[in-house]
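Here are my notes for you on this structure. Keep the picture open while you read, and go through the points in order.

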Amino acid sequence: MRPSLPPLKPGDRVDIIAPGSQKNPERLERVFTFLKSWGLKPRCPEDLFGPDFFYTNSLTKRMLCLKEALEATDSQAVWCLRGGYGSTR
């Protein structure tokens, strides 16, 4: 049996990553607004969106963002801004 994770509570940190395709700053702003409305503290890298034409950023940068989010000791959750093509890489 897998141990259950505690539910998020106001004040908890949520790291936002964008592992897939399409840059969408408006969606990022909506996610920030939504998470803040629940009392959560959203955080994402300043360089979340990069120069790549099709994906949100280079494969290396997307992987580093995921790794940093998963290893963050002050974060209680990871939110994927969008999935889609490229996320499985």
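The points below go from the whole chain down to single residues.

1. First, a word on what you are looking at: this is a predicted model. Keep that in mind for every number that follows.

2. Start with the fold. You should be able to pick out two helices and three strands in the chain. Walk along from the N terminus and the elements come in the order β-α-β-α-β.

3. Next, the overall size. What radius of gyration does the chain have, and what would a compact globule have? The chain comes out at 13 Å, and a compact globule of 89 residues would be near 12 Å, so the two agree. If you prefer a box, the C-alpha atoms fill one of roughly 35 × 30 × 20 Å along the principal axes.

4. Now look at how the chain meets itself. Take the contacts with a separation of 6 or more: 78% of them are between residues 24 or more positions apart. Ser21, in point 8, gives you a case to look at up close.

5. Inside and outside come next. Of the 89 residues in the chain, 31% are buried. The chain exposes about 6300 Å², and carbon and sulfur atoms supply 59% of that area.

6. A quick look at charge. The chain carries 14 positive and 10 negative charges. Average the positions of each set, and the two mean positions are 5 Å apart.

7. Then the cysteines. How many disulfides does a search of the whole structure find? The count is zero. For Cys44, the nearest cysteine sulfur belongs to Cys65 and is 8.6 Å away. A disulfide needs the two sulfur atoms within 2.5 Å, so this pair does not make one. Turn it around and you get the matching result: Cys65 is in no disulfide either, with the sulfur of Cys44 as its nearest, 8.6 Å off. Are these two buried or exposed, or partly exposed? Cys44 has 23% relative accessibility, so it counts as partly exposed. Cys65 has 6%, so it counts as buried.

8. Last, zoom in on Ser21. Where does Ser21 lie? Look in the loop between β1 (13–17) and α1 (25–37). Despite the loop setting, don't go hunting for Ser21 on the outside: its relative accessibility is 5%, so it counts as buried. Which residues does Ser21 touch, once neighbours within four places in sequence are left aside? The contacts are Phe54, Tyr55, Thr56, Arg82, Gly83 and Tyr85. Try finding each of them around Ser21 in the view.

Methods:
Residues numbered from 1 in each chain as written. Predicted model: local features only at pLDDT ≥ 70, side-chain atom pairs only at ≥ 80, totals over all residues. Heavy atoms only, no water. Helix = DSSP H or I, 4+ residues; strand = E, 2+ residues; numbered from the N terminus. Rg over C-alpha atoms; globule rule 2.2 N^0.38 Å. Buried < 20%, exposed > 50% of the residue type's maximum accessible area, 1.4 Å probe, protein only. Contact = heavy atoms within 4.5 Å. Areas by Shrake-Rupley, 256 points an atom, 1.4 Å probe, with all protein chains shown as cover. Lys, Arg positive; Asp, Glu negative; His and termini not counted. Charge placed at Lys NZ, Arg CZ, Asp CG, Glu CD.
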